[in-house]
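Biologist: I have the file open and would like to go through the ligand sites, the empty spaces and any odd backbone spots with you. Could you keep to what was computed from the atoms?

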Amino acid sequence: MIILITGATSGFGKSCAEFFSKKGYKTILIGRRKERLLKLSKKLGVKKNLPIQLDVRNKIKVYREIENLPNDFKKISVLINNAGLAWGFETAQDVDIEKWETMIDTNCKGLVYMTKAVLPGLIERNKGHIVNIGSVAGNYPYGGGNVYGGTKAFVKQFSLGLKSDLLGTKVKITNIEPGMADTEFSLVRFSGNKKKAKDVYKNMTPLTGNDVAETIFWAVNRPSHVNINRIELMPLQQGFNFFAVSRSGKIK
Ligand code: NDP
Ligand code: 8X3
């Protein structure tokens with residue numbers, strides 16, 4: 001079994017690479033940070049993985065890399081579309097448009113490019129599984145979540161749309177929707193501010209990358225007639241906000 005994981009250099013992607021590798025899968029590891037890819041590749045063992053330095057936003061290179069996979073890594077069984085980010089926590093009126101564009105380009109367009117590049121092989125072999133990484137942020141709004149939440153709502157709906165299009169084939173689609181998890185997610189969201197990132201998980205126990213990897217492993221190892229459409233998982237200590245109210249005075 002060959003599993004391709006985008007965003008394998010950190011967090012969920014790295015945990016998935018380690019977890020699936022231990023279970024005997026060959027891994028294709030994708031990310032931008034080459035030294036991290038090589039370190040992980042060494043850890044997982046020669047010939048058992050293929051590290052590829054790639055920015056998923058680069059459509060031409062995504063297609064080229066998938067087209068030119070070596071024969072022993074060509075027959076992908078599982079694609080985990082995990083590469084993604086939240087950048088910023090500002091309100092819509094204050095945020096820099098570059099942050100929004102980066103999230104749309106990575107979380108939506110990058111995921112779509114990877115899907116379009118890998119899908120023909122899955123269809124040809126009439127076998128396989130695409131696992132997209134959504135988020136609770138795609139299901140519930142919160143202040144400062146604006147475009148990040150929007151991209152994850154896209155990922156959810158795109159996953160359900162794929163499931164509709166692939167009806168009649170043996171290709172499975174799953175959207176995984178985690179809540180707060182202690183990865184490098186918050187460090188990226190707060191542009192490298194370690195204190196702000198650490199405070200997100202203060203006095204509570206968040207999910208781990210391994211929790212998510214185990215969940216994905218379960219989803220892709222159901223009997224052949226079962227498709228897990230969506231899984232939403234959260235830390236026990238994360239909850240929902242009541243509807244917010246502005247008390248800035250009565251509207252005249
Ligand atoms: P991390 O920041 O730890 O990992 C993100 C990964 O994505 C890194 O490996 C990074 O690699 C990769 N990546 C980012 N941009 C690109 C790009 N343009 N091309 C290729 N790879 C890229 O965060 P998480 O593990 O938490 O995030 C993984 C996914 O899970 C994301 O889609 C995120 O939105 C989602 N998520 C996270 C939650 C959380 O609370 N942690 C909860 C719900 C969903 P590199 O920088 O080397 O390219
Ligand atoms: C990230 C999960 O709860 O921080 O996708 O928005 S949350």
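Modeller: Let me begin with ligand 2, where an oxygen atom of the ligand lies 2.7 Å from a polar side-chain atom of Tyr142. Please keep in mind throughout that this is a predicted model.

Biologist: Which other side chains have an N or O atom at a short listed distance from an oxygen atom of ligand 2?

Modeller: The side chain of Tyr148 places an N or O atom 2.6 Å from an oxygen atom of ligand 2, and for the side chain of Gln238 the corresponding distance is 3.1 Å. The protein covers 86% of the 240 Å² of accessible area that ligand 2 has on its own.

Biologist: Which residues surround ligand 2, and how do they divide by class?

Modeller: Around ligand 2 are Ser135, Val136, Ala137, Tyr142, Tyr148, Gly179, Met180, Phe185 and Gln238. By class, that shell has 6 nonpolar and 3 polar residues, with no charged ones.

Biologist: OK, on to ligand 1. How many residues surround ligand 1, and which are the closest?

Modeller: The shell of ligand 1 comprises 30 residues, and the closest are Thr9, Ser10, Arg32, Tyr148 and Thr183. Tyr148 therefore appears in the surroundings of both ligands, given that a residue is counted when one of its heavy atoms lies within 4 Å.

Biologist: What are the polar side-chain distances for Tyr148, Thr183 and Asp55 at ligand 1?

Modeller: A polar side-chain atom of Tyr148 is 2.7 Å from an oxygen atom of ligand 1, while an N or O atom in the side chain of Thr183 is 2.6 Å from an oxygen atom of the ligand. For Asp55, the partner is a nitrogen atom of ligand 1, at 2.8 Å from a polar side-chain atom. The protein covers 96% of the 890 Å² of accessible area that ligand 1 has on its own.

Biologist: Which helices supply at least two residues of that shell, and what is its make-up by class?

Modeller: Helix 1 (11–22), helix 5 (146–165) and helix 6 (185–189) each supply at least two residues of the shell around ligand 1. The shell divides into 12 nonpolar, 12 polar and 6 charged residues.

Biologist: Changing topic, what about empty space? How many cavities of 30 Å³ or more turn up?

Modeller: A search of the whole structure finds 2 of them. The largest cavity holds about 40 Å³ of space, and its lining consists of Trp87, Gly88, Phe89, Glu90, Val95, Trp100, Met103, Gly144, Gly145, Asn146 and Tyr148. Helix 4 and helix 5 are the elements that give two or more residues to that lining, which by class has 6 nonpolar residues, 4 polar and 1 charged.

Biologist: And what lines the second largest cavity?

Modeller: The second largest cavity, with a volume of about 30 Å³, is lined by Thr6, Val56, Asn81, Asn82, Ala83, Thr106, Gly110, Leu111 and Met114. Helix 4 gives the most to this lining, with 4 residues, and the division by class is 4 nonpolar, 5 polar and no charged.

Biologist: How about the second largest pocket: what is its volume, and which residues are closest to its centre?

Modeller: Its volume is about 540 Å³, and of the 24 residues in its lining, Lys127, Gly128, Lys170, Val171 and Lys172 are the closest to the centre. Strand 5 (128–133) and strand 6 (171–178) each supply at least two lining residues, and strand 6 contributes the largest share, 3 residues. By class, the lining has 9 nonpolar, 8 polar and 7 charged residues.

Biologist: Last topic, the backbone. Where is Asn126 found, and what is its phi?

Modeller: Asn126 is in the loop between helix 4 (97–125) and strand 5, and it has a positive phi of about 50° although it is not a glycine. Most residues other than glycine have a negative phi.

Biologist: Is Ser191, another residue with positive phi, buried or exposed?

Modeller: Ser191 is exposed, with a relative accessible area of 52%, whereas Asn126 is partly exposed, at 32%. Ser191 has a phi near 50° and sits in the loop between helix 6 and helix 7 (194–199).

Note on methods: Residues are numbered from 1 along each chain as its sequence is written. Chains are lettered from A and ligands numbered from 1 in the order in which they are written. This is a predicted model: local features need pLDDT of at least 70, side-chain atom pairs count only at pLDDT 80 or more; totals for chains, interfaces and linings use all residues. Side-chain values use heavy atoms; hydrogens and water are left out. A polar contact is a pair of N or O atoms within 3.5 Å; within protein, one must be able to donate a hydrogen and the other to accept it, and residues adjacent in sequence count only if both atoms are side-chain atoms. Accessible areas come from the Shrake-Rupley method with a 1.4 Å probe; for residues, only the protein chains shown count as cover. Ala, Val, Leu, Ile, Met, Phe, Trp, Tyr, Cys and Pro count as nonpolar, Asp, Glu, Lys and Arg as charged, and the others, Gly among them, as polar. On a 1 Å grid over the protein atoms alone, a cavity is a set of points where a 1.4 Å probe fits but cannot get out, and a pocket is an open set with protein on both sides within 12 Å along at least five of seven lines; lining residues have an atom within 4 Å of a point. Grid points are joined across faces, edges and corners, and a volume is the space filled by probe spheres set on the points. Buried means under 20% relative accessible area, exposed over 50%, partly exposed in between (1.4 Å probe, protein chains only).
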